[in-house]
Amino acid sequence: MKQERRALLVGSCLVGILNVAAVGIAVPHLVQIVLGASIVFIVPGFALVCAVLPERQFSRGERLLASVGMSLALATGATVLLGATPIGLTRLSLAVVLAVCTLALSIYSIWRAGGLRGRRGHEVASKETGS
């Protein structure tokens with residue numbers, strides 16, 4: 001996995017955590033807008049694209065467009081599901097659902113690309129190759 005993509009995935013985890021924190025504490029309105037727009041329009045879709053297609057080489061424009069489309073699909077699905085549940089649709093519930101999705105997809109995509117495998121993963125690979 002490219003170091004740049006890994007850094008972006010770690011940044012997406014940070015954005016997810018900051019987004020949930022920004023709902024609960026008093027932060028400037030501009031910060032809330034930036035975090036809210038990024039968690040709805042870009043970050044979850046980027047994590048999903050990296051999780052589903054880890055080896056696929058997209059240009060930056062293609063990856064951005066795929067991220068926006070997937071983010072909107074995730075946000076729409078989460079909104080409909082939250083609206084149908086007894087929890088209800090609030091800023092906090094939507095922020096938590098999108099942040100959890102982002103964290104899970106980011107961690108999975110880093111793991112899938114080999115970034116979280118420890119010594120044991122390397123031992124298994126070397127036993128399979130016979131070295």
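**Entry 1. Helices α3 and α4**

I began with one pair of helices and noted that α3 and α4 are roughly perpendicular to each other. The model I am reading is a predicted one. The angle behind this description is about 110°, and I recorded the two axes as 6 Å apart. Helix α3 covers residues 43–52, and helix α4 covers residues 60–84. The verdict follows because an angle of 65 to 115 degrees counts as roughly perpendicular. I then looked up the hand of the α3 and α4 crossing and found it right-handed.

I next listed the residues that form this contact. From α3 they are V43, P44, G45, F46, L48, V49 and C50. From α4 they are R63, A66, S67, M70, S71 and L74. Sorted by class, the α3 and α4 contact contains 9 nonpolar, 3 polar and 1 charged residues.

**Entry 2. Helices α1 and α3**

I turned to the other side of the question and asked how α3 meets α1. Helix α1 spans residues 3–24, and its axis comes within 10 Å of that of α3. The two axes cross at roughly 140°. That angle makes α1 oblique to α3. I noted the crossing of α1 and α3 as left-handed.

The contributors from α1 are R5, L8, L9, S12 and V15, and those from α3 are V43, F46, A47 and C50. I counted this contact by class as 7 nonpolar, 1 polar and 1 charged residues. V43, F46 and C50 of α3 appear here, and I had already entered V43, F46 and C50 in the contact with α4.

**Entry 3. Burial of α3**

How many of the residues of α3 are buried? I found 9 of the 10 buried, so that the helix is mostly covered; the cut-off for buried is under 20% relative accessible area. The buried residues are V43, P44, G45, F46, A47, L48, V49, C50 and A51. I then looked for what covers them, and the elements include α1, α2 (29–41), α4 and α5.

**Entry 4. Nonpolar cores**

Which residues make up the largest nonpolar core? I listed L9, F46, A47, L48, C50, A51, L105 and I110, 8 residues in all. Two elements, α3 and α5 (91–112), give two or more residues to this core. The largest share, 5 residues, comes from α3. I entered one general remark beside this: in soluble globular proteins, nonpolar side chains tend to be buried together.

I followed A51 of this core separately. Setting aside residues up to four places away in sequence, A51 touches L105, Y108, S109 and R112. A second core, separate from the one above, has 6 residues, among them I39, A75, A78 and L94.

**Entry 5. Helices α4 and α5**

I then examined how α4 packs on α5. Their axes are 10 Å apart, at an angle of about 135°. α4 and α5 are therefore oblique to each other. Their crossing is right-handed.

On the α4 side, I listed L74, A75, A78, T79 and L82 as the contact residues. On the α5 side, I listed S93, L94, V97, L98 and L105. By class, I recorded 8 nonpolar, 2 polar and no charged residues in the contact of α4 with α5. I noted that L105 belongs to the largest nonpolar core, whereas A75, A78 and L94 belong to the second.

**Entry 6. Two partly exposed residues**

I checked G11, which is found in helix α1. Its relative accessible area is 28%, so I entered G11 as partly exposed. G11 and S106 are 95 residues apart in sequence, yet I read a C-alpha to C-alpha distance of 9.4 Å.

I also checked Q32, which lies in helix α2. At 25% relative accessibility, Q32 likewise counts as partly exposed. Neighbours within four places in sequence left aside, Q32 is in contact with A22, V27 and R91. Its C-alpha atom and that of L18, 14 residues away along the chain, are separated by 9.7 Å.

**Entry 7. The whole chain**

Last, I looked up the overall make-up. The protein has 6 helices and 0 strands, and I wrote its pattern along the sequence as α-α-α-α-α-α. Of its 131 residues, 29% are buried. Among contacts with a separation of 6 or more, 65% join residues 24 or more positions apart.

How values were computed:
Residues numbered from 1 in each chain as written. Predicted model: local features only at pLDDT ≥ 70, side-chain atom pairs only at ≥ 80, totals over all residues. Heavy atoms only, no water. Axes fitted to C-alpha atoms, helices over the stretch in contact; angles between N-to-C directions. Helix = DSSP H or I, 4+ residues; strand = E, 2+ residues; numbered from the N terminus. Parallel < 35°, antiparallel > 145°, perpendicular 65-115°, else oblique. Left-handed = near helix turned anticlockwise from the far one by under 90°. Contact = heavy atoms within 4.5 Å. Nonpolar A, V, L, I, M, F, W, Y, C, P; charged D, E, K, R; others polar. Core = buried A, V, L, I, M, F, W, Y, C linked by side-chain atoms within 4.5 Å. Buried < 20%, exposed > 50% of the residue type's maximum accessible area, 1.4 Å probe, protein only.
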